[in-house]
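Work through the following exercises with the sequence and the structure side by side. Try each task before reading its solution.

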Amino acid sequence: MLRGRIRRGRPTYGAADDDPLDAAQERRVRAVLALGGVPQADLPDGVQQVRLRLLERAANGQEAPRDVSAWAAVVASNLAMDWHRAKRRQERLGERLAALRPAEQLPADEETRLLSLAVARGLDGLPDAQRQVVVLRFYADLPVRSIADQLGVPEGTVKSRLHTAVRALRARLHEDEVV
C-alpha cells in the first residue's frame with residue numbers, strides 16, 4: 001500500500017522518520033487552534049493531537065486526505081470546539097460541587113475557584129487509572145458501560161476505581177477543609 005502511494009505521488013505519512021505535518025501545515029494548525037480560543041500553553045498538545053489523528057488514519061489503512069492541510073485545519077477546529085466543551089463541563093462541575101456546599105463568607109466566584117483548585121489538586125494525587133475514570137465519568141459525562149468499553153476493562157473494574165478515587169478525593173477535600 002505504501003508503494004502505491006509513492007507511485008501515485010501521495011505522501012507516505014506514517015513512515016518512521018517522516019513528520020505527517022510540514023512546517024506550513026503546523027503553523028496553520030496552530031493558527032486555527034489559537035483563533036478557536038485554545039490557550040497558548042495548550043497549542044503544542046493540539047498540534048500533536050492532529051499529528052496523532054493523521055498517523056491513526058495511516059495505521060488503520062485509510063488513505064491520506066487529498067488536502068492534508070485542509071483536513072488538518074478541520075481537525076484543529078474540531079479540537080478547539082472540544083476544548084471549549086471540556087472547559088464548560090469543568091465549569092459546570094465546579095458549579096455543581098459549589099452548590100453542594102452551604103454558602104459561607106466567600107463570594108460565590110471565589111468559593112468556586114477555591115473548590116475547583118482543591119479538586120484539581122486532589123485529581124493530581126490520584127493514580128492514573130483512577131484519575132482517568134473520574135475524568136471520563138464526571139467531566140466527560142460518560143456512563144460506566146461506555147468507559148468500560150473504551151478502556152477494555154470490566155464494568156466492575158470501572159466502578160471499583162471510581163469508588164476508590166471518589167473516597168480518596170473526599171478524604172483529600174476534608175483534609176484540606178474545603179468540604
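**Exercise 1: the nonpolar core**

Task: Find which residues touch the most other members of the largest nonpolar core, and which helices supply the core.

Solution: In this predicted model, the largest nonpolar core has 16 residues, and those that touch the most other members are Leu123, Leu126, Val134, Val158 and Leu162. Turning to the helices, H5, H6, helix H7 (144–151) and helix H8 (155–175) each supply at least two residues of this core, and the largest share, 5 residues, comes from H8.

As a next step, take Val134, which is located in helix H6. Its relative accessibility is 4%, so Val134 counts as buried, the cut-off for buried being under 20%. The C-alpha atoms of Val134 and Ala165 are separated by 7.1 Å, although these residues are 31 apart along the chain.

**Exercise 2: the overall make-up**

Task: State how many helices and strands the protein chain has, and what percentage of its residues is buried.

Solution: Counting the elements gives 8 helices and 0 strands, and read from the N terminus their order is α-α-α-α-α-α-α-α. Of the 179 residues in the protein chain, 29% are buried.

**Exercise 3: the faces of two helices**

Task: For H2 and then for H3, list the buried residues and decide where they lie around the helix axis.

Solution: Begin with helix H2, which covers residues 23–35, has 13 residues and spans 18 Å from its first C-alpha to its last, close to the 18 Å expected at 1.5 Å a residue. The buried residues in H2 are Gln25, Val29 and Leu33. Seen down the axis of H2, they fall within an arc of 75°, and therefore they line one face of the helix. On the other side of H2, Arg27 and Leu35 are exposed.

Continue with helix H3, residues 43–59, whose 17 residues reach 24 Å from the first C-alpha to the last, close to the 24 Å expected at 1.5 Å a residue. Its buried residues are Leu43, Gly46, Val47, Val50, Arg51, Leu54 and Ala58. Because they cover an arc of only 140° around the axis, they are on the same side of H3. Asp45 and Ala59, on the other side of H3, are exposed. After H3 comes Gly61, which has a positive phi, near 85°.

**Exercise 4: from Leu54 to Val68**

Task: Determine whether Val68 is buried or exposed, and how many Å separate its C-alpha atom from that of Leu54.

Solution: Val68 is part of helix H4. With a relative accessibility of 10%, Val68 counts as buried, because the value lies under the 20% cut-off. Val68 and Leu54 are 14 residues apart along the chain, and their C-alpha atoms are separated by 8.7 Å. Leu54 itself is among the buried residues of H3.

**Exercise 5: the largest pocket**

Task: Describe the volume of the largest pocket, the residues closest to its centre and the classes of residue in its lining.

Solution: The volume of the largest pocket is about 840 Å³. Its lining is made of 21 residues, of which Leu79, Asp82, Trp83, Ala86 and Lys87 are the closest to the centre. To see where the lining comes from, note that H3, helix H4 (68–100), helix H5 (108–124) and helix H6 (128–139) each supply at least two residues, while H4 gives the largest share, 8 residues. Sorted by class, the lining of the largest pocket contains 9 nonpolar, 3 polar and 9 charged residues.

Technical notes
Residues are numbered from 1 along each chain as its sequence is written. This is a predicted model: local features need pLDDT of at least 70, side-chain atom pairs count only at pLDDT 80 or more; totals for chains, interfaces and linings use all residues. Side-chain values use heavy atoms; hydrogens and water are left out. Helices (H or I, at least four residues) and strands (E, at least two) are DSSP runs, numbered from the N terminus. The expected span of a helix is 1.5 Å times one less than its number of residues. Buried means under 20% relative accessible area, exposed over 50%, partly exposed in between (1.4 Å probe, protein chains only). The arc is that of the directions from the helix axis to the C-beta atoms. On a 1 Å grid over the protein atoms alone, a cavity is a set of points where a 1.4 Å probe fits but cannot get out, and a pocket is an open set with protein on both sides within 12 Å along at least five of seven lines; lining residues have an atom within 4 Å of a point. Grid points are joined across faces, edges and corners, and a volume is the space filled by probe spheres set on the points. Ala, Val, Leu, Ile, Met, Phe, Trp, Tyr, Cys and Pro count as nonpolar, Asp, Glu, Lys and Arg as charged, and the others, Gly among them, as polar. A nonpolar core is a set of buried Ala, Val, Leu, Ile, Met, Phe, Trp, Tyr and Cys residues joined through side-chain atoms within 4.5 Å.
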